[in-house]
Amino acid sequence: MKLSSLSALTMIFLLLCLHTAQPGFQKDVNKPGYCPEFFLTCPFTLLPLCRRDRGCKGSKKCCFYNCRLQCMDPWSTLD
């Protein structure tokens, strides 16, 4: 039983390694625009709702706002 669980874990590890080694996997998408400014200090950070812009639908960007990363409509300028 131990051998089969070890081989299953090894297989999962190898599949994850192959998936991350694919060309274009690390390609990061930076969508145009700026994240809304958030000036308050956070006593703690909440769990993120996104990690990068490519994880947000449409033109939304992954921004730190209200003490967490979340998808938001971008600003066109910083004014």
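This is a conversation about the disulfides, the salt bridge and the strand pairing of a predicted model.

Visitor: How many disulfides turn up in the whole structure?
Guide: The search finds four. A disulfide is a covalent bond between the sulfur atoms of two cysteines.

Visitor: What's the pairing, with the bonded cysteines numbered in sequence order?
Guide: The pairing is 1-6, 2-7, 3-5, 4-8.

Visitor: Take C35. Which residue is joined to C35 by a disulfide?
Guide: C35 is joined to C63, with an S to S distance of 2.1 Å. The two are 28 residues apart, C35 sitting in the loop between α1 and β1 and C63 in strand β1, so the bond links distant parts of the chain.

Visitor: Left-handed or right-handed, that disulfide of C35 and C63?
Guide: Left-handed, because the torsion about the S-S bond is about -75 degrees.

Visitor: And C63, buried or exposed?
Guide: C63 is buried, at a relative accessible area of 0%. Its partner C35 counts as partly exposed, at 27% relative accessibility.

Visitor: Next one. What is C50 joined to?
Guide: A disulfide joins C50 to C62, again with the sulfurs listed at 2.1 Å. The torsion about this S-S bond is about 95 degrees, so the disulfide is right-handed. C50 lies in the loop between α1 and β1 and C62 in strand β1, so the bond ties together parts 12 residues apart in sequence.

Visitor: Are C50 and C62 buried or exposed?
Guide: C50 counts as buried at 6% relative accessibility, and C62 counts as buried at 11%.

Visitor: What about C56, which cysteine forms a disulfide with it?
Guide: C56 forms a disulfide with C71, the sulfur atoms being 2.1 Å apart. This one is left-handed, since the torsion about the S-S bond is about -85 degrees. The pair links distant parts of the chain, with C56 in the loop between α1 and β1, C71 in strand β2, and their positions 15 residues apart. C56 is buried at 5% relative accessibility, while C71 is partly exposed at 29%.

Visitor: Switching to charges. How many salt bridges does the count come to?
Guide: The count comes to one salt bridge. Side chains of opposite charge can pair when their charged atoms come close. Here K61 pairs with D53, and the closest N and O atoms are 2.9 Å apart.

Visitor: Is K61 buried or exposed?
Guide: K61 is buried, because its relative accessible area is 8% and the cut-off for buried is under 20%. D53 is buried too, at 7%.

Visitor: Where is D53, by element?
Guide: D53 is in the loop between α1 (2–20) and β1 (61–65).

Visitor: Which backbone nitrogens does the D53 side chain reach?
Guide: The backbone nitrogen of K31 is reached at 3.1 Å. The backbone nitrogen of C62 lies 2.8 Å from a polar atom of the D53 side chain.

Visitor: And what does D53 touch, leaving out residues up to four places away in sequence?
Guide: D53 touches V29, N30, K31, K60, K61 and C62 on that basis. The list thus includes K61, the salt-bridge partner of D53.

Visitor: Now the strands. How many bridges join β1 to β2?
Guide: Five bridges join β1 to β2, and the two strands run antiparallel. They form a hairpin with two residues between the strands. In that hairpin, N66 takes a positive phi near 55 degrees.

Visitor: What's the bridge partner of C63 in β2?
Guide: The partner is Q70. Q70 is placed in strand β2, residues 68–72.

Visitor: Tell me about Q70, then. Buried or exposed?
Guide: Q70 counts as buried, because its relative accessibility is 18% and buried means under 20%.

Visitor: What lies 2.6 Å from a polar atom of the Q70 side chain?
Guide: The backbone oxygen of Y65 does.

Visitor: Which residues does Q70 touch, not counting those up to four places away in sequence?
Guide: Q70 touches L49, C50, K61, C62, C63 and Y65. Among them, C50 and C62 are joined by a disulfide, and K61 is in the salt bridge with D53.

Notes
Residues are numbered from 1 along each chain as its sequence is written. This is a predicted model: local features need pLDDT of at least 70, side-chain atom pairs count only at pLDDT 80 or more; totals for chains, interfaces and linings use all residues. Side-chain values use heavy atoms; hydrogens and water are left out. Helices (H or I, at least four residues) and strands (E, at least two) are DSSP runs, numbered from the N terminus. Buried means under 20% relative accessible area, exposed over 50%, partly exposed in between (1.4 Å probe, protein chains only). A polar contact is a pair of N or O atoms within 3.5 Å; within protein, one must be able to donate a hydrogen and the other to accept it, and residues adjacent in sequence count only if both atoms are side-chain atoms. Contact means heavy atoms within 4.5 Å. A salt bridge is a side-chain nitrogen of Lys or Arg within 4 Å of a carboxyl oxygen of Asp or Glu. Two strands pair if DSSP finds at least two bridges between them. A disulfide is a pair of cysteine sulfur atoms within 2.5 Å.
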